[in-house]
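Please open the model in a viewer and keep a selection command at hand. The stops below move from one loop outward to its neighbours and then to the whole chain.

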Amino acid sequence: MDMRSAKREGTAVPFPPVKRRKYNGTRKNARAVQIQIGKENVSTDRKTKSKAARGTRASHDDPILSDVCEPSSPVRAGATPTVPSRYQDLKEAIKSLHNAIPSSLLCRERELVALGSFLKSTVEVNVAGSLYVAGPPGTGKTACVTHLLQKYKDSSLTVINVNCMGIQRPQAIFSRISEELFGEHRSSEMAEPLAKFVVSSKKMILIVLDEIDQLVQRGQEVLYTLFEWPSLPGSKVVLVGIANSLDFTDRFLPRLQTHLRHCQPQLLQFRPYTKDEIVSILFHRLGDTGVIDPKAIEFCARKVSAVFGDLRKALDLCRSAVELAQTQQRSRPMGGERQLENPSHSCLVTMKEMATVIANDSSSSSLKDDSLPLQQKLVVCTLVVLARGSTSREVSLSQLQEGYRRVCERRQLKAESDGELVALCGYLETVGIIVVKGKRNEPRLAKITLKLQESEVEQLLKDKTLLSTILSEGL
């Protein structure tokens, strides 16, 4: 008789003995425990799935988390990996493109040999001397000097390395040198005590003054004093000055060529980087990350070398392009990542990103609309017109002055003075647009050469009516 029929007939049917021993009167409680355990299992499963989902979304959305939050399930065979798997390459590329001094300096072998030879002939044999290192910005001047100074880190040589950009007034350089020598701050800005010390010192003293042109003042007494120290009898000073202008000593320190010839420093010129050199350095920096298209690297190098030859500018542009690509990938919605046909070799930075960065960079071209003042553009146009009648493309400063004045008179523009024109030429030389050479102590006989081709100038200035007229009509 089953339990249902027994209930209808009013007959009591006891539980089987085994079941009574198993539940022991607590069947209801056991059922409650089973239900509670089931709920906890379901809750735990839901939490686990929720955390896994959040971790997966975070690893796809956040480029930083993507490096540590890998999906729990492997990529199935034949599936195409997505861009987030290469965020580590993007970060490594950004790190390698910073302006930190690398362990090896490519394309500066000649300059390193010359610097090393100078230091060997002075500090290593206890002979005083001076050297002036010149070249446009971003050509490796400071990097090469700093690289070679590592050789003397543990030697008995006293090295004083000062960036003059942080000097508030020229006379303060003496108190800064005193602080480096004696290890304490001294308010005295007198040069005489230091002059006596450098003569009586038993150890060689190497003084490196980066951005030395910041010490220019009326009379130039500070600069003359510094360059006179190595020539003092018994001096132990080796002075290395670094600046951009090639004719710095000739222009601001003419007495070094006349009355103080024994104080005149040796000259080491750093030339701007060429396109091929910039390409080589960028590939070396990036290594095997492969995040930038080689065509984009060449495009960047060609743009930079055309005017600046500034390696720092090339590094900045490439780093900005990588950061742009990183931002684009981060802003894509979940599941909307760009698929790569071959992720191990495909490039995340293409010509599109590089062109965007260069177009948005106001200093990517020295002759861009607002990057040069009108007077400097007039000087460039005058040089173009004058160079047409010269087979060597060289123009004397006196010719440039006369032609520049005629250009301004015809257009009813105010011409700068001869002194200001020389200063304009100095700036154009600093940024690598022109080259000035010849008799620096007789400025009117100096020769000026325009580094840009006429077609490049015309193309860059074709939208400027005034400047295009100068190029088309001549003087």
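Begin by selecting Cys107, which sits in the loop between helix 4 and helix 5; helices here are DSSP runs of H or I with at least four residues, strands are runs of E with at least two, and both are numbered from the N terminus. The model is predicted, so local features need pLDDT of at least 70 and side-chain atom pairs count only at pLDDT 80 or more, while totals for chains, interfaces and linings use all residues. Residues are numbered from 1 along each chain as its sequence is written, and side-chain values use heavy atoms, with hydrogens and water left out.

**Stop 1: the loop between helix 4 and helix 5**

Cys107 has a positive phi of about 65° although it is not a glycine. Most residues other than glycine have a negative phi. Is Cys107 buried or exposed? Cys107 is buried, because its relative accessible area is 16% and buried means under 20%, exposed over 50% and partly exposed in between, with a 1.4 Å probe and protein chains only.

Next, select Ser103, which lies in the loop between helix 4 and helix 5. Ser103 counts as exposed, because its relative accessibility is 70%. Add His147 to the selection: the C-alpha atoms of Ser103 and His147 are 8.1 Å apart, with the two positions 44 residues apart in sequence numbering.

**Stop 2: helix 4 and its cover**

Select residues 87–96, which form helix 4. Which residues of helix 4 are buried? They are Tyr87, Leu90, Ala93, Ile94 and Ser96. The cover over these buried residues includes helix 11 (275–286) and helix 13 (311–330), where contact means heavy atoms within 4.5 Å.

Gln88 also lies in helix 4. Gln88 is partly exposed, because its relative accessibility is 32%. Display the C-alpha atoms of Gln88 and Thr289: these residues are 201 positions apart along the chain, and the separation in space is 9.1 Å.

Now move to helix 13 and pick out Arg319. Arg319 counts as buried, because its relative accessible area is 14%. Leaving out residues up to four places away in sequence, Arg319 touches Ile94, Leu97 and His98. A distance label from Arg319 to Ala93 should read 7.6 Å between C-alpha atoms, for two residues 226 apart along the chain.

**Stop 3: after helix 5**

Select Asn126, in the loop between helix 5 and strand 1 (129–134). Asn126 has a positive phi of about 60° although it is not a glycine. Asn126 is exposed, because its relative accessibility is 54%.

Go on to Ser245, in the loop between strand 4 (237–243) and helix 10 (248–252). Ser245 is buried, because its relative accessibility is 11%. Which residues is Ser245 in contact with, leaving aside neighbours within four places in sequence? Ser245 is in contact with Tyr132, Ala134 and Arg251.

**Stop 4: the cavity**

How many cavities of 30 Å³ or more does a search of the whole structure find? The search finds one. On a 1 Å grid over the protein atoms alone, a cavity is a set of points where a 1.4 Å probe fits but cannot get out, and lining residues have an atom within 4 Å of a point. The largest cavity has a volume of about 50 Å³, which is the space filled by probe spheres set on the points, with grid points joined across faces, edges and corners.

To see the lining, select Leu115, Phe118, Leu119, Leu131, Val145, Leu149, Leu206, Val208 and Val240. Helix 5 (109–120), helix 6 (141–149) and strand 3 (205–210) are the elements that give two or more residues to this lining. The largest share, three residues, comes from helix 5. The lining residues divide into nine nonpolar, no polar and no charged; Ala, Val, Leu, Ile, Met, Phe, Trp, Tyr, Cys and Pro count as nonpolar, Asp, Glu, Lys and Arg as charged, and the others, Gly among them, as polar.

**Stop 5: the whole chain**

Finally, show the entire protein chain, with its 19 helices and eight strands. Of the 475 residues in the protein chain, 43% are buried. Among contacts with a separation of 6 or more, 74% join residues 24 or more positions apart.

Definitions and conventions: 1 Å grid on protein atoms, 1.4 Å probe; cavity = no way out; pocket = protein on both sides within 12 Å on 5 of 7 lines; lining within 4 Å.
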